[in-house]
Each structure stands twice: as structure tokens, then as C-alpha cells.
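Colleague: Could you take me through one part of this model in detail? I'd like a close look at the sheet, and then at whatever sits around the ligand.

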Amino acid sequence: MSTRTAVVTGASSGIGAATARRLAEAGYRVLLTARREDRIEALAAELTAAGHEALAYPLDVTDREAVDAFAASLDPHSPVHVLVNNAGGALGTDPVATGDPADWRAMYEVNVLGVLHVTQALLPALTASGDGTVVVLSSTAGLGTYEGGGGYVAAKHGAHAIATTLRLELCGDPVRVIEVAPGMVRTEEFSLTRFRGDEEKAAAVYAGVAEPLTAEDVADTVAWAVTRPPHVNIDLLVVRPRAQAANHKVHREPGA
Ligand code: 8X3
């Protein structure tokens, strides 16, 4: 089988970096994109040293011109088989009544328009591959609401809507759309970013939870879904830790 190429956005840390590692191990040539060039360069070097094919391309998915330039830079003779739309994130836990519209806008930009930009730009290459896969890393926040979810819940509902609509629109084309919706995942940055660097508040999210999911758990799920035979479309996978039965129903060990 000739080398297959996977593009991963937000590959500088967390689920994106773990997914890039897993896809590289599965034999994909991985194109790592994220804003932080030093991080994706380091990951590309690590993967290359381990005998995999990996390249870093600094990219802000909210910048449409930059996304188009990235797509144009790809070798037209080397199709893209997989796009993992992972870049995203949350800002704040304010109620709707007091949420900052600037935060809502920023979350919409990255979680919704970011997915739109990269998917639109790479769709021709994914289709040309004859067997393309678009992965949308949404969230359980895209499937239900919770107090304080605010703009993140709204934005992830948008990402979910892109996945479901695109799947309908591409029916008959050689591109499948897979949505993976993680619940509580403890990564180095997600909650820290949400709480703007407040380590105490970030840690409290996971307080007493024996085993939140790890980035590797989610990457494992993504890699499994992507490596099913081309005719098998895993529409939607909801992945949570055992201790989380719903976003608002989390088992915490006493004393936490
Ligand atoms: C992360 C899940 O519960 O923080 O996407 O919204 S949650």
C-alpha cells in the first residue's frame, strides 16, 4: 500500500499531538499543524527519529488565507487521505447571562470556522484520494448542554452540525465523516486555557476523579475509527471516562 497522508490540526499538544503519534505509528505520513511552530517541529523531529514520516506546518486555522496557502502548498500528486480537525478549545465557564461576547466569538472562530476553513480547503484533495476521511473532534459539549458551558457548548454544537451536515452532503462521494465526541479528558492545556492560566481552578475540574480520559485514550479511539475499512463509517463516537456518566454526573472520590 502506498503511503497515506493525514493532516492533524492543533497537533502541538494534547489530543492532537497524541493522535498524530498514533497515526504515524499506524503508518501514516503525518502533517502536523498548529500555531506553535516550536512544538510541532519538535514532534515532527521526534516522529522522524522514530522512523516515521512527519512534517510540521505552522498554521492558525482561524486565518482563512493561511489555511488556503497551506492547502496550496501540498503536493498535488500526494493526496490527503485523512484530516483530523482537532484544533479548538474553551474560554471561561460564565453563564449565558454574563458571558463575554468576545469569548463566544473566539470560540466560534476556532471550533467552528476553523473546522470549516480546513475542511473546505482540503476537501478536493480528500476526494481526489478516492478514500478520504474527515474527522471532527467535537465534544460531549456538542451533544448536550450544561450550566456554565456557554459559548463552548454553542460552538461545539456548531462543530457537530458541520459533521452531520457534511456527511449528508458527501453521501455518494468517496469521503466519510467521523465525529469523535470526548467527555472529560485531562490534558496539559484544555482546562488551563479555559480558566486563563488559573491552575487551581483547572485542577478542580478533575478533583477526585480517579481516571479522567487521557489524550492517548482519545487518540486511540480516533485511530481505531480512521483505520476501519473505507466502507465503514463510524458516524459518532462518544468517549467518556467511566466516572463520568453525563457532563453533570461525575463520580468523585470522597474528600476530593
Ligand atoms: C470537553 C468536555 O465537559 O469540558 O470538551 O465540555 S467538557
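Modeller: The sheet is open and has 7 strands, and reading across it the order is S3-S2-S1-S4-S5-S6-S7, with parallel pairing. Keep in mind that this is a predicted model. At the edges you'll find strand S3 (54–58) and strand S7 (236–239), each of which pairs on one side only. On average, neighbouring strands of the sheet are turned by 15° against each other, ignoring direction.

Start from the S3 edge: strand S2 (residues 29–34) pairs with S3 in the parallel sense, over 5 bridges. If you want a residue pair to look at there, pick Thr 33, whose bridge partner in S3 is Tyr 57. Elsewhere in the sheet, helix H5 (residues 150–169) lies across strand S5 (132–137) and strand S6 (175–182), and H5 runs at about 155° to S6.

Now for the ligand. Around the ligand sit Ser 139, Ala 141, Tyr 146, Tyr 152, Gly 183, Phe 190, Arg 194 and Asn 247. Sorted by type, that shell comes out as 4 nonpolar, 3 polar and 1 charged. Three side chains are worth zooming in on. Tyr 146 has a side-chain N or O atom 2.5 Å from an oxygen atom of the ligand. For Tyr 152, a polar side-chain atom lies 2.6 Å from a ligand oxygen, and for Asn 247 the distance from a polar side-chain atom to an oxygen atom of the ligand is 3.2 Å. As for cover, the ligand taken alone exposes 240 Å², and the protein buries 82% of that.

Technical notes. Residues numbered from 1 in each chain as written. Predicted model: local features only at pLDDT ≥ 70, side-chain atom pairs only at ≥ 80, totals over all residues. Heavy atoms only, no water. Near = heavy atom within 4 Å. Polar contact = N/O pair within 3.5 Å; in protein donor to acceptor, adjacent residues only side chain to side chain. Areas by Shrake-Rupley, 256 points an atom, 1.4 Å probe, with all protein chains shown as cover. Nonpolar A, V, L, I, M, F, W, Y, C, P; charged D, E, K, R; others polar. Pairing = 2+ DSSP bridges. Helix = DSSP H or I, 4+ residues; strand = E, 2+ residues; numbered from the N terminus. Axes fitted to C-alpha atoms, helices over the stretch in contact; angles between N-to-C directions. Contact = heavy atoms within 4.5 Å.
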